[in-house]
Amino acid sequence: MTVRPLARSLSPLPEESLPGLLLRLAYRMECSPARLAYLCGLVHRQNRLPGEYLISLPAERIGPFAAAARLSVEEANALTLSSFAAVYPPLASVRIDGNRNTSAARKSWAASISSRYCAACLSGNGSPTQTLYGGSWKLRWHLPVSYACVTHRTLLSHTCPRCAGMPNRPTTTERQGLIMHRTTSGLHPAQCRSLVSGVHGTPAACCAARLDHECQATHVPEADLSTLLALQHRIDQRLMCVQSTTDVSQSASDRYFFPDLIVAAHLIRLSWPDGARYASSTSLADLIDRHVSSSATRRHPPEPDGCMPIAWDAPEDPTECAALLVAADTLLGHEERDDSGMTDRVRPLAASTFSRNPANIGASLRRMDVSPAVARALLRNAQGFYRAGGHRHARQRLPSRPSRFRIEHVPALLPQEWLSAHFDDLLSRWEHHTDGKVRHLRRVSALKLGEMSGGGTWPDCAKTLRIPWNTAQQSLKVMRQELNSQDLWPDFERAVESVASQLDRDTDRVYYGRRRELLSSWQVPARDWDELLRDLAQFGQGDTSPSRDTATVLIWTHVTQGDHLHSPVLSALRESGCSTQRLVASVSQLRTPASRKGSKRELLRRLSAYASLLATACDRSIASLQTGSLEIGGLAAHVR
């Protein structure tokens, strides 16, 4: 269809929505919105005016519409919510098309085709045009986070004061369109278009009440109103910045402002009344309580297991929505959002939410793209570690604290120097600890440091640190039993945090991940092994006599600060089905303090010196990495 410019047109008002402009144009041209949509090339198949046009106009429609309404393409786009997509992330992910209704948009807090409104705004500013055709139906009123008019210091309304119908929300199962009863003409843009049943068998007709005259905004105490308006002002600033500047780049705090606020609102109501302390007054808490217990959130029958379905939609009542969002903002820390403090506040409500609701609720919340601090708080925690198993997705690879060091800077076993510097208090209080138990402590400390810097559950960290899963699990089991029985787990967490803080301050960190990579298939070169043995009394050929493999294991252990039992040489023997008994015995015998004398003592000294040189070579990259192996030799000549 070829469209022509309309005989009469109107310039869009500031912040005006597409349905608002169509209503004003139809009233001016004395035709129905359906007829006007046809003239503008907006009619869909089956003569529908789809609700998804509020989100964005299809490419094939926007040109004809702009030409007919005498608008530029930019002005036409500005009438749709697509203009907010850059600053309001829920809009960027919503998908509405001709085969879907608009419930998905409401559940994701993206938009509502039904609009809230401010009666004073609809009455206009007194200009001749607005006196005749009314003020602007503002685009942002379709967003769930718009609940008040800061200009007129009033909460928005969401129903007609006469019939209690919601603007543009059909009461039947009819698919929601852009404008309710689009074939009805003669109604002022601010008149209610909801159908009202006729009297004594007369046909139903539109309510036709003037929404700009009969104001029914809910009144709240002045102190509460000031609190609600302060948050609405901050919300409006973020929503409107995209229209005042061409630069849509956002800081991290701006990017996550709305996703964090929405997730916090879910936590408040899903854990209610645990979050009542975040409501700034009793009256606001009562509003949230009314919303949580209202029939609107229980409009579906229970599931077969007896659980009530979860209502993800934003509260339809602007006052209830305002109270919920203010409590959510308080939970997050208002404008000063300290990450550690936010996590401490959010985590208890998250735990309460997960315990009261089906498991998929936690998974749904954790799938949302929120800030790192909120994401950390949503990850389930079991005795200091992210829980293994459960729903797995990319967000779970989140560090448990902001860290300057990375998991590549963490060895598989906490070095003895770190243990002495940070764990003396814990060790002095730990009764009956043995070398074996301290080894478990060093391994679990490394896992915790890995979680702090690299994220993920402990099996994820164990894999990165190249610790076998069953070994990591056993170490965690032993340490939890030992430390919890003596109430030492808080001491453990403080000690590990002390290590992490030291690593944050260090400027010359060891890249243990690189060392593990370089030495993954490395072996002491034969000529270096001969050099290491020169001038030493010949060792016997028994099962525990030092060998080239023994030297490789000991050097690898020194360089990577790993467990010798998990060295590549021993791992390769296990994978090939060969016995590791002789090699393990050889390493253990050489490491035994009673054996450190004579030639064995000198060999250990040379191996230690060799390992130090090799570590320096790895750190300085004086090595060529070829197919995963380190080709380097000639170091033994420098250790004697």
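**Close-up views of a predicted chain**

**View 1. T330 and its surroundings.** T330 sits in helix α13, which covers residues 318–332 (helices, H or I, of at least four residues and strands, E, of at least two are DSSP runs, numbered from the N terminus). The model is predicted, so to speak a computed picture: local features need pLDDT of at least 70, side-chain atom pairs count only at pLDDT 80 or more, and totals for chains, interfaces and linings use all residues. Residues are numbered from 1 along each chain as its sequence is written, and side-chain values use heavy atoms, with hydrogens and water left out. Which residues does T330 touch once its neighbours within four places in sequence are set aside? They are Y278 and R345 (contact means heavy atoms within 4.5 Å). Look for S280 as well: S280 and T330 are 50 residues apart along the chain, and 8.1 Å separates their C-alpha atoms.

**View 2. G333, in the loop that follows α13.** Find G333 in the loop between α13 and α14, where α14 spans 339–356. Is G333 buried or exposed? Its relative accessibility is 12%, so G333 counts as buried (buried is under 20% relative accessible area, exposed over 50%, partly exposed in between, with a 1.4 Å probe and protein chains only). The C-alpha atom of G333 lies 9.9 Å from that of Y278, although their positions lie 55 residues apart along the chain. You have met Y278 already, as one of the contacts of T330.

**View 3. A cis peptide bond at P273.** Zoom in on the bond that runs from W272 to P273. This peptide bond is cis, and its omega is near 10 degrees. P273 belongs to the loop that joins α11 (257–270) to α12 (282–293).

**View 4. Positive phi at R153 and A164.** Neither residue of this view is a glycine, yet R153 has a positive phi of about 50 degrees and A164 has one of about 65 degrees. R153 is in the loop between β1 (148–149) and β2 (154–155), while A164 is in the loop between β2 and β3 (195–196). How exposed are they? R153 counts as partly exposed because its relative accessibility is 43%. A164 counts as exposed because its value is 53%.

**View 5. Helix α19 meets helix α21.** Here you see α19 (residues 435–454) and α21 (residues 469–485), whose axes come within 9 Å and cross at roughly 110 degrees (axes are lines fitted to C-alpha atoms, for helices over the stretch in contact, with angles from 0 to 180 degrees between N-to-C directions). That crossing angle is why α19 is called roughly perpendicular to α21 (under 35 degrees is roughly parallel, over 145 roughly antiparallel, 65 to 115 roughly perpendicular and the rest oblique). On the α19 side, the contact is made by K437, H440, L441, R443, V444 and L447. The α21 side supplies T471, A472, Q474, S475, L476, V478, M479 and E482. By class, the contact has seven nonpolar, four polar and three charged residues (Ala, Val, Leu, Ile, Met, Phe, Trp, Tyr, Cys and Pro count as nonpolar, Asp, Glu, Lys and Arg as charged, the others, Gly among them, as polar).

**View 6. Helix α28 with α24 and α25.** Start with α24 (residues 526–533) and α28 (residues 598–619): their axes come within 10 Å and cross at roughly 135 degrees. This makes α24 oblique to α28. From α24, the contact takes D528, W529, E531, L532 and L533, and from α28 it takes L603, R606, L607 and Y610. These divide into six nonpolar, no polar and three charged residues.

Now turn to α25 (residues 548–560), whose axis comes within 9 Å of that of α28 and crosses at roughly 50 degrees. That makes α25 oblique to α28. A551, L554, I555, H558 and V559 of α25 meet L604, L607, S608, Y610, A611, S612, L614 and A615 of α28. How many of these contact residues are nonpolar, polar or charged? Ten are nonpolar, three are polar and none is charged.

**View 7. The nonpolar cores and the whole chain.** The largest nonpolar core has 115 residues, and F65, F84, Y88 and Y147 have the most contacts inside it (a core is a set of buried Ala, Val, Leu, Ile, Met, Phe, Trp, Tyr and Cys residues joined through side-chain atoms within 4.5 Å). A second, separate core has 37 residues, including F385, I407, V444 and L447. In soluble globular proteins, nonpolar side chains tend to be buried together. Stepping back, the chain has 28 helices and eight strands, and 52% of its 640 residues are buried. Of the contacts with a separation of 6 or more, 71% are between residues 24 or more positions apart.
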